[in-house]
Each structure stands twice: as C-alpha cells, then as structure tokens.
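The exercises below are meant to be worked through with the sequence and the coordinates side by side. Please try each task before reading the solution that follows.

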Amino acid sequence: MLSRTSTLLAAGLAAGLILAADAALGQEAPAAAPGSHAAHQDSAEPSGTGRSAGRKDAQLYIGWPTDGAVVGTRFKVWFGLRNFGVAPAGVARDATGHHHILIDTKLIKFDEPIPSDKQHLHFGSGQTETYLELPPGRHTLQLVLGDANHIPHDPPIVSKVVTVTVQARRASPQVSAR
C-alpha cells in the first residue's frame, strides 16, 4: 500500500508529465481548479483595476505595539498577516505581497506605487518585523500590503491604525563602586 506522500508525489509527477506533453504539442495547459496548489503559482492575477487581486478575507495587523502603547524612542514592531502570503518585492505571485509601514500619514493613492520616504517604509525583502526610532510624542502606525511593484492590492489590504506614545527613557543612575 502506498503512503500518502508517495501517492501525492506520483500524482504531481503525472501532472508534470501531462503539462510537459501538452507544451511539446503546443497545447495550452488546462486552468487550475480554484483552491488547488496550481492556482497559486507565480503569476499575479490582476483585478479589473489593473492592480493585483487582494482578498476580502485577508487580515493585515500590527501585533506589537498595541494601540495605545507607551514605548521608548526605539521600539520593535512586528507585523501579522492572515489568509494571504508574503513575497519579496519584484516577485509576482498570486495572493502575496510585502509590508509597508505608514508613519503619521495615510495612503491616498491606491493605484500608484507606495512612496518610499521617512513616512512610508518599505520591507521589500519580506520582513515581518523591524525596529523604529521615533521622537517623543504621539504617533500613528499603519501597515499596507503592496504587490511586487509596491502597488496596493484591489481591494487594498491594510491594518487598523495603531496610535503609540513615544517617551524618552531616562538614563539609569550610575552606581559608584566606592
């Protein structure tokens, strides 16, 4: 009796041989069934707007800091994403994107690449966490997922806005060895 792994391997090999035979004969490969692994290959499927397709059930969020947190001038931020994948900038793959943090600003143009400046930080290598250094005061943070070309998906995949208060930490008192 074949194991599940052997059965899947055999099925994959058979599918590959069929696709190779079709290609050799100049025939187009059949469309992948929705939800199948083949439906999530490397070509981004554009929406009617010319932007990469997003998913209404995708959830992008800032895991830390939480809304209302008080942090020091240098603090860690980590990102979360559900029902969608992370891929580096330049890699066009269905249902994937990479993170951008908006600091003290909102994204206005969703049909253009997200700017890259002090208020729009890009994480094009697929990073899911970073350290930020901000001056004391109140600041807003929001994540926006961008496609291979830094353009927000359609529908856009954005996190809730998180407000943090940055406080300068006092230096620890020096202990004398006298």
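**Exercise 1: Phe75 and the nonpolar core**

Task: list the residues that are in contact with Phe75, leaving aside its neighbours within four places in sequence, and place Phe75 in the largest nonpolar core.

Solution. With contact taken as heavy atoms within 4.5 Å, and leaving aside the neighbours within four places in sequence, Phe75 touches Pro65, Thr130, Tyr131, Leu132, Leu134, Leu141, Val164 and Val166. Before going further, note that this is a predicted model, in which local features need pLDDT of at least 70 and side-chain atom pairs count only at pLDDT 80 or more, whereas totals for chains, interfaces and linings use all residues. Residues are numbered from 1 along each chain as its sequence is written, and side-chain values use heavy atoms, with hydrogens and water left out.

The next step is the core itself, defined as a set of buried Ala, Val, Leu, Ile, Met, Phe, Trp, Tyr and Cys residues joined through side-chain atoms within 4.5 Å; buried means under 20% relative accessible area, exposed over 50%, and partly exposed in between, with a 1.4 Å probe and protein chains only. The largest such core has 22 residues, and those with the most contacts inside it are Phe75, Val77, Ile101, Leu141 and Ile157. At least two residues each come from S1, S3, strand S5 (96-103), S8 and S9, and S3 gives the most, with four residues. In soluble globular proteins, nonpolar side chains tend to be buried together.

**Exercise 2: The elements and the sheet**

Task: state how many helices and strands the chain has, and find the order of the three strands in the open sheet.

Solution. Counting helices (H or I, at least four residues) and strands (E, at least two) as DSSP runs numbered from the N terminus, one obtains one helix and nine strands, and the order from the N terminus is α-β-β-β-β-β-β-β-β-β. Two strands pair if DSSP finds at least two bridges between them. On that basis three strands form an open sheet in the order S1-S3-S7, with antiparallel pairing, and the edge strands S1 and S7 each pair on one side only. Neighbouring strands of this sheet are turned by 30° against each other on average, direction ignored, where the axes are lines fitted to C-alpha atoms and angles run from 0 to 180 degrees between N-to-C directions. S3 and S7 are joined in the antiparallel sense over five bridges, and Val77 stands opposite Thr130 in S7.

**Exercise 3: Salt bridges**

Task: find how many salt bridges the whole structure has, and say which parts of the chain are linked by the pair Asp154 and Arg51.

Solution. A salt bridge is a side-chain nitrogen of Lys or Arg within 4 Å of a carboxyl oxygen of Asp or Glu, and a search of the whole structure finds four. In one of them Asp154 meets Arg51, with the closest N and O atoms 4.0 Å apart. This pair links distant parts of the chain, 103 residues apart, with Asp154 in the loop between strand S8 (137-146) and strand S9 (162-166) and Arg51 in the loop between helix H1 (4-24) and strand S1 (59-64). Asp154 is partly exposed at 22% relative accessibility, whereas Arg51 is buried at 10%.

Arg74 and Glu133 form another salt bridge, their closest N and O atoms being 3.4 Å apart. Arg74 lies in strand S3 (residues 74-82) and Glu133 in strand S7 (residues 129-133), so the pair ties together parts that are 59 residues apart in sequence. Glu133 counts as exposed, at 61% relative accessibility.

Glu129 and Lys76 also meet through their side chains in a salt bridge (3.4 Å, N to O), which links S7 with S3 across 53 residues. Glu129 is partly exposed with a relative accessible area of 43%, and Lys76 is partly exposed at 31%.

**Exercise 4: Thr96**

Task: decide whether Thr96 is buried or exposed, and list its contacts beyond four places in sequence.

Solution. Thr96 is found in strand S5 and, at 11% relative accessibility, counts as buried. Leaving aside its neighbours within four places in sequence, Thr96 is in contact with Phe84, Gly85, Val86, Ala87 and His153.
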